[in-house]
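Grab the model and work through these exercises with the viewer open. Each one sets a task and then walks through a solution.

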Amino acid sequence: MAAPTMDRPTSAAPAAVQTMTIAKGINNGLRAAMEADPKVIIMGEDVGKLGGVFRITDGLQKDFGEQRVLDTPLAESGIIGTAVGLAIRGYRPVCEIQFEGFIFPGFDQIVSQVAKLHFRTQGRLKLPMVIRVPFGGGIGAVEHHSESPESYFAHTAGLKVVSCSNPADAYWMIQQAIASDDPILFFEPKRRYYEKGEVDTTAAPGPLFASRVLRTGTDATLVAYGPMVRTALDAASAAEEEGRSLEVIDLRTLSPLDLAPVYESVRRTGRLVVVSEAPSESSITSEIAAKVQQECFYSLQAPVLRVTGFDTPYPPSKLEEEFLPDLDRVLHAVDRSLAW
């Protein structure tokens with residue numbers, strides 16, 4: 001493959017603080033990473049001329065060329081395997097999995113090669129690659145388009161897993177993931193793609209692998225990630241109208257988990273509700289519940305409760321509102337915890 005050109009598009013300097021969607025935050029973050037490093041390459045199904053099915057990569061092939069934004073065949077195993085070779089050769093490939101349910105044809109490459117190559121070579125080889133995964137439900141899609149497979153990868157040693165929930169994190173976290181020398185799965189909450197927020201493109205970002213307190217509270221702690229962060233914040237606002245103060249923590253990183261802020265919060269509130277779209281069995285939420293009960297047992301005033309998707313295959317779209325955790329289910333869990 002020929003070396004990508006060093007030429008970069010020129011444009012007027014944007015305002016430091018901008019209002020943008022999560023989708024635009026990722027797009028701008030990818031653009032910034034490509035401008036900063038000519039070795040950054042984007043590859044995936046329809047990411048070039050179409051700009052991706054969600055238009056996350058819109059305009060990037062036009063500005064950076066077909067050698068740096070590659071439309072691939074419909075072959076996830078081939079996409080990931082090619083990215084492994086590129087990463088070994090010094091590139092920083094960013095792969096897009098069009099929908100999370102399509103990641104499984106590439107599962108063997110991810111868990112057998114991507115996760116293991118650095119360890120297998122005793123550190124001689126690095127795999128600085130990112131696998132972008134739109135995930136979660138709420139978009140009225142057909143089978144294989146609304147799942148939450150993040151626990152598979154968080155369980156796999158050698159992989160790092162993160163998920164953004166707002167435009168500022170979308171913008172900064174994708175750049176930090178690309179700059180990392182470790183392979184990272186970047187889970188994007190697709191039903192939140194078009195929610196807006198302010199992004200300071202000049203502010204120094206916080207650490208990539210760190211959870212963050214988004215709202216302080218005293219009565220109970222809500223922990224969520226990805227698409228469920230907005231639901232948790234809405235629940236905290238609704239609870240406030242009833243005189244209850246809920247602290248909300250966005251995990252942001254699923255592997256490694258950063259639970260220090262969660263422990264500190266639970267030691268103050270004595271109660272924890274963990275929220276996720278994924279099924280509850282052997283999940284991120286069950287890991288958090290186990291660790292919090294180990295570390296904060298004498299501070300807990302109620303068992304750790306979980307609000308999750310059900311332990312069933314994702315349902316047809318007409319039933320997904322019954323499957324997905326919503327405001328009422330979160331507030332019901334809070335009521336149960338406070339009544340203990």
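**Exercise 1: The annotated region**

UniProt, in an unreviewed entry, lists residues 20-195 as "domain: Transketolase-like pyrimidine-binding"; such annotations may be inferred rather than shown by experiment. Work out how much helix and strand residues 20-195 contain.

Solution. Start with the ground rules: this is a predicted model, where local features need pLDDT of at least 70, side-chain atom pairs count only at pLDDT 80 or more, and totals for chains, interfaces and linings use all residues. Residues are numbered from 1 along each chain as its sequence is written, and side-chain values use heavy atoms, with hydrogens and water left out.

Next, assign DSSP runs (helices, H or I, at least four residues; strands, E, at least two). Residues 20-195 come out at 36% helix and 18% strand. Finally, check the ends: their C-alpha atoms sit 8 Å apart.

**Exercise 2: Confidence**

Find the mean pLDDT (the predictor's confidence in each residue, from 0 to 100) and look for a weak stretch.

Solution. Averaged over the protein, pLDDT is 95, with 96% of residues reaching 70 or more. Then look at residues 1-11, where pLDDT is below 50. Beyond near neighbours in sequence, that stretch has 22 contacts (heavy atoms within 4.5 Å) in the model.

**Exercise 3: Two domains, two cores**

Split the protein into domains and trace its nonpolar cores.

Solution. First, an automatic or database assignment gives domain 1 (18-200) and domain 2 (212-339). Their centres, over C-alpha atoms, are 26 Å apart, and 27 residues of domain 1 contact 24 of domain 2.

Second, collect buried (under 20% relative accessible area, 1.4 Å probe, protein chains only) Ala, Val, Leu, Ile, Met, Phe, Trp, Tyr and Cys residues joined through side-chain atoms within 4.5 Å. The largest core has 46 residues, and those touching the most other members include Met129, Leu251 and Ile288. Helix H3 (residues 76-88) supplies the largest share, 6 residues. Each domain gives this core at least three residues.

Third, pick out the separate second core: 28 residues, among them Ile22, Leu60, Val94 and Ile178.

**Exercise 4: Arg192**

Is Arg192 buried or exposed, and what does its side chain contact?

Solution. Locate Arg192 in the loop between strand E7 (184-189) and strand E8 (196-200). Arg192 counts as buried because its relative accessibility is 9%. Skipping residues up to four places away in sequence, Arg192 touches Ile22, Pro227, Arg230 and Thr231. With Thr231, the Arg192 side chain makes a side-chain polar contact at 3.1 Å (N or O atoms within 3.5 Å, one able to donate a hydrogen and the other to accept it).

Terms used. Buried < 20%, exposed > 50% of the residue type's maximum accessible area, 1.4 Å probe, protein only.
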